Each structure stands twice: as structure tokens, then as C-alpha cells.
Amino acid sequence: MKKSLLALAVLGAFAGAAQAQSSVTIYGIVDTGIAYSSKVGYTDANGNAATGSKFGINSGVIQGSRIGFKGVEDLGGGLSAVFNLETGFTSDDGGLQGSDAVTSSNLFRRKSVVGLSGGFGTVLLGRQTDFADTISAYTAVADFGGVVANSGSSLNRLQGTRTNNSVSYTTANLSGFTGNLIYGFGEQAGKTSAGQAYGIGGKYDNGPLGLGINYYQSKAGSTPSDTSLIPAAGATNANTALGVAGNTALKSLNVVASYQFGPARVYANYSRVKQDLKGTPTVATATLGNAQKVDTYEIGTAYSLSPSLKLLAAVDHSRATFTGVDGKGKLTQISLGADYSLSKRTDLYAFVSNMRATDIQNPGVTGGATGSDASQTAVITGIRHKF
């Protein structure tokens, strides 16, 4: 009897140890807001172009609604196996969040990685964002999220653009410095350079100071690893059709800085995006996405009026150069907001933002592009819950 009890105790100890060495976490965000947009372009009943106000419920105002699974297994000797699977969904209608043209469905379109982590850092393989997504914590993306995406931060990757078929290495924290390398395979037979991507970045945290830099470059191909080069479903991959597979399609540089002055976080950043394969645009296609070069400047602040209430402000300005077009297109967005925390996991937010355009199509803040008018104002209020 005593031997049986002893055996059960030993088995229980081993079971407890095994359980402690491995863990899986389910997490997510549900972010939903009510949005008003002025001067949204549409076609009226007579087939004429017109503008009008628009009301709607939007998913992922600050952060994309998502559900994810992440886990770690202790392999001993300071080494751990890690994985992260994350899918996005639209909380306003319950749908899964899109797919790439190269696959019929991207269940885990936000992230799908597995790798090893230890004192040397972390190595991950799969679909993941480059380091621009990490240093966006020092920018307006941290406070306004998707509200400021159309004025430049979606193009320069601060909003979090994915790289398929990639391997990344992130160093351990070295006295406040963290570095990152990423490489995406184009997976095209006979031409290794076609569709490949690579990036290098780093950040430095020292008390109230935060600095970050990231460079990312990707090339055209039939299966580009950079998801920003994947055409919409049903569209033609123009880069391949023009016979430019393997040529550089995108170069993006971000330099960001943030400093905490007591209750106020003040930040500024600059980015340059070059898209050498973009052709001469028509009036209808003179957008940031079709520009040959875009310089984006941003300044902003987040002021903690109390432990629960933050007041927010940001100004974003982009200048676009087009192939075969004289002058520059300009976009300027001014955003104000407030964020009130009901708890550590739930907050309420309210934003007002105005986007103005000169010699370029106005993409609109939210709810759709403008018509003939070069200015759009959006008012958004909503709730975000993290679990």
C-alpha cells in the first residue's frame, strides 16, 4: 500500500512538472466602433459621381479584432520551443478577415509562426510582420491605430504588413537594445531573387526614451513573400506580366523616436517608401499606393490626464512623387482623440480626424474615399476589449 502511494506521488510530481514546462494561452481583441464620415464618394441613381455622409459600424478601429493561440515548451538548458497562431475577424459582421490571392483562405492570416527561443534571442519561421510593426509602439499607431493608416503608416508598414515564407531572428535585450533580421523566400524556381524580401531593424529603450529604425526591401515575383505585393483576388500580377520578376518593387525606411515627459508622451517619426516599378498614374489612380516615392512625417502626443484618461493628438503629412508627373501630391491628416480605461482590459475611445489632399486622391479617413471634394472629416467612437 505504501509503495502504491509512493508511486502515485512520484507520477503526480512528474505530471505536475511536465505541465509546468509547457503552456498554451488563448488571447484576443474585440474592437468595434461607430463611425461617421463626411463627403464619401459614390455613384448616384443616375450614374453620376456624388458625395455624401456615411454612418456605419467598423471593426478594428484601433487594433484589428483577432483571436490567437501562443505557446511555449521548456526544452531545458534555457531553450524553449514557441509558436503563435493568430486569425483576424470583422467584429461588426462576424466574418473572417480576407484572404490572399495566392491561397483560397488565410485562416491564420495575422500570424503563423513556430521557432526556438533562448538566451541567444528568438528564431521564428512562417508568416509574420517585420520590425516596423514592433517600433510602431513609438508612433501614432499605438494610440490611433487604423484611424491614421491611410495617411502613410499603412504604406510604410507601421500598421503591420506580413511577410510569407519568412524566417526572422530577434536578439535578446542587450542593455536596452533589441535587433531584428527577417528574410522572406520568393519560392520561384529558377530565380531565387524573384519575390524575395529582407529587412533589418532595431530599437533602444532607456527609461523615458524610445528610439527605433527599420529598413525593408522586397522584390516582384509570381509568389512574392511581401504580402503588400500580392494582387487582389482575381487581379493580374502586373509585376510578373511586365517581365520584372526579381526587380526591387518596394524599399521602406522608418526612423522613430518617443520621449515620456511626465504625464505626456511626445513622439516624432519619418519614413521614405520607394516603389520603382510604379508607372505613370491616371488622375483616378494618383494615390499613395501608386506613387514612385512617398515621404511621410508625423508628430504627436499622448497626455495622461489621469490614470484612466488619455488625451491624444497627431499630425501626419505625406508627400508623393509620381512617375511622369510634375509636382508632388500631398496628404495631411490631423487627428484628436481620447481614450478612457474602464479596466486593464476594456477601454472606450473617441476620435475626430480630418484628411486633406492636394494633387492626389484623398483615400478618406474611414468609410471610403472622397469624391470631388479634397477634404474629409471622420468622427468615431467605440469600445475595445482584450482577453
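**Figure 1. Gly33 stands opposite Asn58 of strand 2 in this predicted model.** The close-up centres on the pairing of strand 1 (residues 22-43) with strand 2 (residues 49-59), which run in the antiparallel sense over ten bridges. Together, strand 1 and strand 2 make a hairpin in which five residues lie between the two strands, and within that turn Gly47 carries a positive phi of about 80°.

**Figure 2. Val379 lies in strand 18 and touches residues that are far from Val379 in sequence, as its distance to Ser37 illustrates.** Val379 belongs to strand 18, which spans residues 375-386, and counts as partly exposed because its relative accessibility is 41%, between the limits of 20% and 50%. With residues up to four places away in sequence set aside, Val379 touches Ile34, Ala35 and Tyr36, and also Phe351 and Val352. Although Val379 and Ser37 are 342 residues apart in sequence, their C-alpha atoms are 6.6 Å apart in space.

**Figure 3. The side chain of Asp347 makes a polar contact with the side chain of Arg384.** Asp347 is found in strand 17, which covers residues 346-358, and is classed as buried because its relative accessibility of 6% falls under 20%. The polar contact between the side chains of Asp347 and Arg384 has a distance of 2.9 Å. Apart from neighbours within four places in sequence, the residues in contact with Asp347 are Asp339, Tyr340, Ser341 and Leu342, together with Gly382, Ile383 and Arg384.

**Figure 4. Ser271, a residue of strand 13, makes a polar contact with Asn156 through their side chains.** Strand 13 comprises residues 264-274, and Ser271 within this strand is buried, with a relative accessible area of 1%. The side chains of Ser271 and Asn156 are joined by the polar contact at 2.9 Å. Neighbours within four places in sequence aside, Ser271 is in contact with Asn156, Leu253, Asn254, Val294, Asp295 and Thr296. Between Ser271 and Leu158, which are 113 residues apart along the chain, the C-alpha separation is 9.6 Å.

**Figure 5. One cavity of 30 Å³ or more is found when the whole structure is searched.** The largest cavity holds about 50 Å³ of space, and its lining consists of Ser151, Gly152, Ser153, Asn156, Leu158, Asn269, Thr296, Glu298 and Asp316. By residue class, this lining divides into one nonpolar, six polar and two charged residues. Asn156 and Thr296, which belong to the lining, are also among the residues in contact with Ser271.

Notes: Residues numbered from 1 in each chain as written. Predicted model: local features only at pLDDT ≥ 70, side-chain atom pairs only at ≥ 80, totals over all residues. Heavy atoms only, no water. Helix = DSSP H or I, 4+ residues; strand = E, 2+ residues; numbered from the N terminus. Buried < 20%, exposed > 50% of the residue type's maximum accessible area, 1.4 Å probe, protein only. Contact = heavy atoms within 4.5 Å. Polar contact = N/O pair within 3.5 Å; in protein donor to acceptor, adjacent residues only side chain to side chain. Pairing = 2+ DSSP bridges. 1 Å grid on protein atoms, 1.4 Å probe; cavity = no way out; pocket = protein on both sides within 12 Å on 5 of 7 lines; lining within 4 Å. Points joined across faces, edges and corners; volume = space filled by probe spheres on them. Nonpolar A, V, L, I, M, F, W, Y, C, P; charged D, E, K, R; others polar.
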